Amino acid sequence: MSEHFDAIVVGAGPAGNSAALVMAKAGLKVLQIERGETAGAKNVQGAILYADALERLIPEFRDEAPLERHVVEQRVWLLDERSHTGAHYRSDDFNEDRPNRYTILRATFDQWFAAKVREAGALQITDTTVTELVRDEGGRVIGVETDRDGAPLYADVVVLGEGVNGLVGQRAGVRPELDPQHVALAVKETIFLSEEAVQDRFNLDGEDEGVVIEVMGSVSAGMVGTGFLYTNRESISLGVGCLLSDFQETQIPAYVLLDRMKSHPSIAPLIRDGETKEYVAHLIPEGGYDAIPNLSGDGWAIVGDAGQFVNSAHREGSNLAMTTGRLAGETVAALKREGLACNEANLKRYRHALEQSFVMKDLKKYRRLPGVLHGNKHLLTAYPRAISQAMQTFLRVDDVDKRSKERRMMSQFRAARGGWWNVFTDALKMARAWR
Ligand SMILES: Cc1cc2nc3c(=O)[nH]c(=O)nc-3n(C[C@H](O)[C@H](O)[C@H](O)COP(=O)(O)OP(=O)(O)OC[C@H]3O[C@@H](n4cnc5c(N)ncnc54)[C@H](O)[C@@H]3O)c2cc1C
């Protein structure tokens, strides 16, 4: 019989690292298995790090973690083919002692996070893929098989932090197969520029300040999707993602979408003369609350993207991953402390803790959004174009009087949706989805 652990954690992304860290700190004997050569080697994110979720795990992270820039300005751009209409929020309050959001590069960040897990006492093995869950005769999960020679590895509980397209849970029947309507395919480039160029182009004061831009409209070519552009210290992370089912339907290759975004007149000057050093593609769970699978059973629990924990309305994922990982870890640690088994009934405490947290509250709030966007794609095309036309009419100074301009703007808007009734029903649908 091979060595027995209190817990085996599959994956060293934010979810797996958080679960493993909490359990190791609580004195549990934890084994973490990662298929990448190092933690983060295969991981993709925009990437904005939301400080609060990490601070709850590692209060001193700001002194140690490889952070790029802290975010002082958020922009939201609605694009049509030649223009963007934008909202910016910038505040010196974001230059606080403990900034709330940072940009990061996942490869270095995940390695740092994984080192903290090792420091806390977990045993970590990399370059090793978990292939199957092992069950006893009663169907209870008791360990894992890996692609290395040797006996299975056993534990009281297996925490699956294998990411959105991890296959272990699917093969074992504890997670359903991915539905193309529930995942976005995102492509991303990291484009290198000098530190000075990043600061000059984004009006940043100093090497630490950063800007993030979320982009909607023509960037997704009529599909349900968004783009992003984030400033790192010496690079720009730029990407676009749309529902996989929409890519299948339109047959537009994702790289074509990214190239179009890069050559948009509002974006091209920001990345001019940059050197692309990384091009990656990855899935993002976008099914929302209704796509969340069973989260635990006899001897197993699911955390992070593997459980569809992404709030696409607010572009939050890594914080949900860390929070679900933390709550799963705390549940297991509490059960151990109380001398209780990690069985189906007791592990329900994890779901209960999640229901009390912002994670489930937020996903529940937006549960209608994926369906509304999927059934109303014109929301992402007609309105950005109508707003851009209205802005043109409003801002051009010519011999047309202002009252006539206002009338023209109203009729341009009405025409964009074929009548006011359609505008009204769109507003109602969005209000319901946002409720
Ligand atoms: C383009 C893009 C941009 C994004 N931008 C943001 C953003 O700005 N902010 C934000 O908060 N979120 C963002 N997200 C979402 C965020 O990246 C995820 O929510 C987060 O990474 C989920 O963490 P995780 O640990 O659950 O999964 P992952 O980060 O995917 O980690 C899973 C880990 O499990 C390992 N693994 C998988 N299968 C096995 C196996 N069988 N055996 C061993 N190891 C295995 C993988 O190698 C990986 O290390 C973005 C995602 C994408 C794709």
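These notebook entries follow what I looked up about a ligand and a pair of helices in a predicted model.

Entry 1, ground rules. I number residues from 1 along each chain as its sequence is written, and my side-chain values use heavy atoms, with hydrogens and water left out. Since this is a predicted model, local features need pLDDT of at least 70 and side-chain atom pairs count only at pLDDT 80 or more, while totals for chains, interfaces and linings use all residues.

Entry 2, the ligand. I looked up which residues surround the ligand, taking a residue as near if one of its heavy atoms lies within 4 Å, and of the 36 residues around the ligand, Glu 34, Ile 48, Arg 106, Asp 305 and Ser 318 come nearest. I then looked for polar contacts, that is, pairs of N or O atoms within 3.5 Å. An oxygen atom of the ligand lies 3.2 Å from a backbone N or O atom of Pro 14, and a backbone N or O atom of Gly 317 is 3.1 Å from an oxygen atom of the ligand. For Arg 35 I found a side-chain N or O atom 3.0 Å from a ligand oxygen atom.

Entry 3, two helices. I turned to helix H10 (residues 318–337) and helix H11 (residues 344–356), helices being DSSP runs of H or I with at least four residues. Their axes, lines fitted to C-alpha atoms over the stretch in contact, with angles from 0 to 180 degrees between N-to-C directions, come within 9 Å and cross at roughly 145 degrees. In the contact, defined by heavy atoms within 4.5 Å, I noted Leu 327 and Ala 328 of H10 and Tyr 350 and Ala 353 of H11, among others.

Technical notes. A polar contact is a pair of N or O atoms within 3.5 Å; within protein, one must be able to donate a hydrogen and the other to accept it, and residues adjacent in sequence count only if both atoms are side-chain atoms.
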